[in-house]
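Me: I want to go through the labels on this structure and ask what stands behind each. Please show it first.

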Amino acid sequence: MLIRNYQQGDQITVSSLKVSKDQSDFIDPITLSLTNMDRDSYVMETSGHIIGFFQIDARQNQLELHEVFIDHRHQGKGHGKEFMSSLAPFLRKNYPRANAVFLTVNCRNSHAKRLYEFGDFIDTGDLKKDGPAGPQHIMKKSLLSIN
């Protein structure tokens with residue numbers, strides 16, 4: 001999987017990406033995400049095709065991961081796990097001062113939570129109670145290299 005910067009020329013393809021109907025409560029419409037200029041936007045590619053999207057909100061030494069999704073036509077093929085395995089090296093390279101990355105995941109979205117746990121995110125035990133679709137777990141992953 002290749003992770004690269006979102007470019008203006010990607011807009012039509014990225015705008016056509018969709019999550020499954022049962023996941024739509026948990027993610028903002030992609031058109032709304034693309035208007036958020038406070039975040040860095042990235043695409044996931046495989047075999048030269050854009051299959052997913054995510055954003056990073058960089059705040060001093062900590063990052064926030066937002067709007068992670070893989071198009072419904074590409075789900076169930078291991079791309080989520082591949083993304084989770086690629087994420088930390090990508091973030092270390094592109095945000096070398098960051099020591100951790102945080103995310104929120106809806107308490108009803110157990111599938112996504114398991115995927116993030118596979119990627120070594122740890123539930124902090126705290127909840128964001130005012131999530132758009134209900135309470136969300138706050139999860140954290142250290143970016144400090146273990147050598």
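Me: How many aromatic pairs does a search of the whole structure find?

Reply: Seven aromatic pairs turn up in that search. Keep in mind that this is a predicted model.

Me: What makes the pair of Tyr42 and Phe54 stacked?

Reply: The ring centres of Tyr42 and Phe54 are 5.2 Å apart, and their planes meet at 20 degrees. A pair needs centres within 6.5 Å, and stacked needs planes under 30 degrees apart. Both conditions hold, so the pair is stacked. Tyr42 lies in strand E2 and Phe54 in strand E3, so the pair ties together parts twelve residues apart in sequence.

Me: Why is Phe54 called buried?

Reply: Its relative accessible area is 0%. Buried means under 20%, so Phe54 qualifies. Tyr42, with 4%, is buried for that reason too.

Me: Why is the pair of Phe53 and Phe69 called tilted?

Reply: The planes of Phe53 and Phe69 are at 45 degrees, with ring centres 6.1 Å apart. Stacked ends at 30 degrees and edge-to-face starts over 60, so 45 degrees is tilted. This pair links distant parts of the chain: Phe53 is in strand E3 and Phe69 in strand E4, 16 residues apart. Both Phe53 and Phe69 are buried.

Me: Which residues form one aromatic cluster with Tyr42?

Reply: Phe54, Phe83 and Phe90 join Tyr42 in one aromatic cluster. Phe83 and Phe90 are among the buried residues of helix H3.

Me: How do you know that the span of H3 is close to the expected one?

Reply: H3 covers residues 79-94, which is 16 residues. At 1.5 Å a residue, 22 Å is expected from first C-alpha to last, and H3 reaches 21 Å.

Me: Where in H3 does a kink lie?

Reply: The kink is at Leu87, shortly before the proline Pro89, and amounts to about 35 degrees. Leu87 is one of the buried residues of H3.

Me: What makes Ser47 exposed?

Reply: Ser47 has a relative accessible area of 70%. Exposed means over 50%, so the label fits. Ser47 is in the loop between strands E2 and E3. Its phi is near 50 degrees, a positive value in a residue other than glycine.

Me: Is Gln60 buried or exposed?

Reply: Gln60 is exposed, because its relative accessible area of 80% is over 50%. Gln60 sits in the loop between E3 and strand E4. Phi of Gln60 is also near 50 degrees.

Me: Why does the charged end of Lys81 count as sitting over the ring of Phe118?

Reply: The charged end of Lys81 is 5.1 Å from the ring centre of Phe118. The distance cut-off is within 6 Å.

Key:
Residues numbered from 1 in each chain as written. Predicted model: local features only at pLDDT ≥ 70, side-chain atom pairs only at ≥ 80, totals over all residues. Heavy atoms only, no water. Helix = DSSP H or I, 4+ residues; strand = E, 2+ residues; numbered from the N terminus. Expected span 1.5 Å × (residues − 1). Bend = angle between axes of the 7 residues up to and from the residue. Buried < 20%, exposed > 50% of the residue type's maximum accessible area, 1.4 Å probe, protein only. Phe/Tyr/Trp six-rings, centres within 6.5 Å; stacked < 30°, edge-to-face > 60°. Lys NZ or Arg CZ within 6 Å of the ring centre and 35° of its normal.
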